[in-house]
Amino acid sequence: MAVSGSRPAAKRDFPWWLVAAGVIAVGVAILIATSELYAQVFSIVSKGIGITVFVTVVGFALATAVGLGMALMSLSGSLVLRQIARFYVEIIRGVPVLVLLFWIAFAGVPIIVTGWNAVTAPLQEAGVLGELRVRDISLLWRAIIALTIGYSAFIAEVFRAGIQSVDEGQIEAAKALGLSRFQRFRLIVLPQAIRTILPPLGNDFVAMVKDSSLVSVLGVADITQMGKIYASGSFRFFETYSIVAYIYLILTIGLSLALRGLEQRLRKNQAKR
């Protein structure tokens, strides 16, 4: 009874935390507008927002595609494909993102370049392709590759759980109607699985916004790197990293609220059906 009685109270719970966060955000915005020092810090640090957004969006899109592929392999009827997918997911999830970032940037990319040149050697000798060099792959794209690989393993598990949550009886009914495997996935499985997938997938997206700050260790000019450069030259560490944290909070809280609104809208649409 205590649990059921607490639910209405939870629904009426006013988001005072959001009000407090909004007051702080407005206060910092006023400080930036009125203080020459904070305005200068913000103008420099904000130059990295574009790189942060680019790394996050491209990395997450690629990670989602790879993760979906791995999830489908893990649910495949082929033992080989299932084992390959499980090996990939378990190994990648066991490596910290920062370590993976360094490995891809300084070990993985040279290996890939060497392998590419070995495979395309006949085409290079014929003048069709030029030789690929390690420096041809920028640190920005090395960072995106690392984040793609790192997050795809977690996203694969999200997709796998969502797909398995669909009632098996509906899939059997679709088979009886003569729908192909692709049609069953597109028309029956995915629309229902997306309700289960969306919340954790949104959490991973927000997490990638924060983990994109790791690309600064490679010198990529994102928000964190711009803050590091300014702080190391001006020794204004408090002001600089306060602005860095402020920008990340605006991005992450804004995304969290948008994703929560989307999730609620999907639930309302589903309830109307």
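The legends below accompany close-up views of a predicted model.

**View 1. The largest pocket and its lining residues in the predicted model.** The space in this largest pocket amounts to about 470 Å³, and its lining is made up of 15 residues, with Leu75, Ile163, Ile171, Arg181 and Val189 lying nearest the centre. Two or more lining residues come from each of helix H8 (139–164), helix H9 (168–176) and helix H10 (181–211), and among the contributing elements H10 gives the most, with five residues. By residue class, the lining of the largest pocket consists of eight nonpolar, three polar and four charged residues.

**View 2. The second largest pocket, with lining residues from helices H2 and H12.** For this pocket the computed volume is about 300 Å³, and 18 residues line the second largest pocket, of which Ala21, Ile24, Ala25, Tyr246 and Leu249 are nearest to its centre. Helix H2 (16–34) and helix H12 (237–272) each provide at least two of the lining residues, and the largest share, nine residues, belongs to H12. The lining of the second largest pocket comprises 14 nonpolar and four polar residues, with no charged residue.

**View 3. The packing of helix H3 against helix H11.** Helix H3 (residues 36–45) and helix H11 (residues 223–234) have their axes 8 Å apart and pack at an angle of about 135°, and the two helices are therefore oblique to each other. On the H3 side the contact is formed by Leu37, Gln40, Val41, Ile44 and Val45, which meet Ile223, Met226, Gly227 and Tyr230 on the H11 side. Seven nonpolar and two polar residues make up this contact of H3 with H11, and no charged residue takes part in it.

**View 4. Two of the stretches listed as "transmembrane region" in an unreviewed UniProt entry.** Under this name the UniProt entry lists residues 16–39, 51–75, 95–119, 139–159 and 243–262. Of the two stretches considered here, residues 51–75 are 96% helix and 0% strand in the predicted model, with the end C-alpha atoms 36 Å apart, while residues 95–119 are 92% helix and 0% strand, with the end C-alpha atoms 29 Å apart.

**View 5. The segment annotated by UniProt as "domain: ABC transmembrane type-1".** This annotation, which comes from an unreviewed entry, covers residues 49–259. Over residues 49–259 the predicted chain is 81% helix and 0% strand, and the C-alpha atoms at the two ends of the segment lie 20 Å apart.

Terms used. Residues numbered from 1 in each chain as written. Predicted model: local features only at pLDDT ≥ 70, side-chain atom pairs only at ≥ 80, totals over all residues. Heavy atoms only, no water. 1 Å grid on protein atoms, 1.4 Å probe; cavity = no way out; pocket = protein on both sides within 12 Å on 5 of 7 lines; lining within 4 Å. Points joined across faces, edges and corners; volume = space filled by probe spheres on them. Helix = DSSP H or I, 4+ residues; strand = E, 2+ residues; numbered from the N terminus. Nonpolar A, V, L, I, M, F, W, Y, C, P; charged D, E, K, R; others polar. UniProt positions renumbered as here; feature names shortened; annotations may be inferred. Axes fitted to C-alpha atoms, helices over the stretch in contact; angles between N-to-C directions. Parallel < 35°, antiparallel > 145°, perpendicular 65-115°, else oblique. Contact = heavy atoms within 4.5 Å.
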